[in-house]
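Trainee: I should like to request a close look at one part of this model, with the terms explained as they arise. Would you please take me through it in one connected account?

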Amino acid sequence: MKIQALPALSAAIRMIWPAQCLVCSDAVDGDGGVCPACWPDLPMISGLCCRLCGAPLPGAMGAAEADCDDCLRSRPPWTAGRAAFLYEGAARQLVLQLKHGDRPDLARALAARLHHALRPLIPRGPMLIVPVPLHRLRFLRRRYNQSALLARALSQRLDWPWCPDLLLRSRATQLQDGLSRSGRRDNLQGAFTLNPARVKEISRAPEAKILLIDDVMTTGATLAEATKGLRNGGAGEVFTLTLARVAPAV
Ligand SMILES: [Zn+2]
Ligand SMILES: [Zn+2]
């Protein structure tokens, strides 16, 4: 049964019938599942991927860690990173529903996919989970920060500490859409600073390790600037985790 077109009915049904496919809302067994019809539509990143940006790489599972060509050319400032999905097909639909579709309830189930993608990095934890912030004006328009919802759900799942407002977006940046790689970088220069009222939170993780969460990674410019903000403020190693990443150009 397709119920997405009727948001009020859909919300009512979710209350009494919570286990639904993340993509099509059909009933599934257990929370956080995807129905059999939708599984093939979800471009999950599994197998060998770049240690730094999480891009899928050709090669056998279990192979030694590798860096992709993009990261070899221009090394990101974080220690290691992963993404759960490629940002296309049904995964793109999920991100857009979380972000613009008033479906904050999706965050808990999506945290299960984040947890799965994070597995290789879990032995490096516990880390302080920190979402990439929205600028205040955008936050007021959207009423919630989708990355903070993911960060909170993951924190509950892993029992790692989280801090929703450790990073501040110190100025409103243009939307990144349509900007080139260098344009994205320039647009974000110095955009993130540490919240002075929260700096002491960094010590809640051993060696001040941070897990930075965002919904979508495009070129990595946002994550790079946020990492620099954290490092300038005294954070130790920074790791990144995104729900979906745009497939790198080949
Ligand atoms: Zn489905
Ligand atoms: Zn890479």
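Mentor: What follows is an account of the open sheet and the helices upon it, and then of the metal sites and some backbone details.

This is a predicted model, in which local features need pLDDT of at least 70 and side-chain atom pairs count only at pLDDT 80 or more, whereas totals for chains, interfaces and linings use all residues. Residues are numbered from 1 along each chain as its sequence is written, chains are lettered from A and ligands numbered from 1 in the order in which they are written, and side-chain values use heavy atoms, with hydrogens and water left out.

The sheet is open and consists of four strands in the order S1-S6-S5-S2, with parallel pairing. At its edges stand strand S1 (80–86) and S2, each of which pairs on one side only. From one strand to the next, the twist averages 20 degrees. As to the terms, helices (H or I, at least four residues) and strands (E, at least two) are DSSP runs numbered from the N terminus, and two strands pair if DSSP finds at least two bridges between them. Six parallel bridges join S1 to strand S6 (residues 238–245). Phenylalanine 85 is placed opposite alanine 244 in S6.

Two helices lie across this sheet. Helix H4 crosses S1, S5 and S6, at about 125 degrees to S6, while helix H6 (residues 146–158) crosses S2, S5 and S6, at about 135 degrees to S5. Such angles run from 0 to 180 degrees between N-to-C directions, the axes being lines fitted to C-alpha atoms, for helices over the stretch in contact. Contact itself means heavy atoms within 4.5 Å.

H4 merits particular attention. Its 13 residues reach 18 Å from the first C-alpha to the last, close to the 18 Å expected at 1.5 Å a residue. The expected span is 1.5 Å times one less than the number of residues. H4 is largely enclosed by the rest of the structure, because eleven of its 13 residues are buried. Here buried means under 20% relative accessible area, exposed over 50%, and partly exposed in between, with a 1.4 Å probe and protein chains only. Among the buried residues of H4 are Leu106, Leu110, Arg113 and His115. The buried residues pack against S1, helix H3 (89–100), H6, S5 and S6.

H3, one of these partners, should span 16 Å with its twelve residues at 1.5 Å each, and its end C-alpha atoms are indeed 16 Å apart. Its buried residues include Ala90, Leu94, Val95 and Leu98. Just after H3, aspartate 102 has a positive phi of about 55 degrees.

Two zinc ions are also present in the model. The zinc ion (ligand 1) has as protein donors Cys21 (SG), Cys24 (SG), Cys35 (SG) and Cys38 (SG), which lie 2.3 Å from it. Donors are N, O and S atoms within 2.8 Å of the metal (3.2 Å for Na, K and Ca); water is not among the atoms, so sites may look incomplete. The arrangement is tetrahedral because the four donor atoms subtend angles of 105 to 115 degrees; four donors count as tetrahedral if all angles lie between 85 and 135 degrees. The donor residues are spaced C-x2-C-x10-C-x2-C in sequence, and both cysteine 35 and cysteine 38 are buried.

The zinc ion (ligand 2) is coordinated at 2.3 Å by Cys50 (SG), Cys53 (SG), Cys68 (SG) and Cys71 (SG). This site is tetrahedral, with angles of 106 to 115 degrees, and its donor residues follow the spacing C-x2-C-x14-C-x2-C. Cysteine 68 and cysteine 71 are both buried.

Finally, some backbone details deserve notice. Most residues other than glycine have a negative phi, and most peptide bonds are trans. Serine 25, which is not a glycine, has a positive phi of about 70 degrees, and it is buried, with a relative accessible area of 4%. Glutamate 207 likewise has a positive phi, near 55 degrees, but is exposed at 64% relative accessibility. The peptide bond from glycine 125 to proline 126 is cis, with omega near 0 degrees; proline 126 is in the loop between helix H4 (106–118) and strand S2 (128–131).

Key: Tetrahedral: all angles 85-135°; square planar, octahedral: opposite > 155°, others 65-115°.
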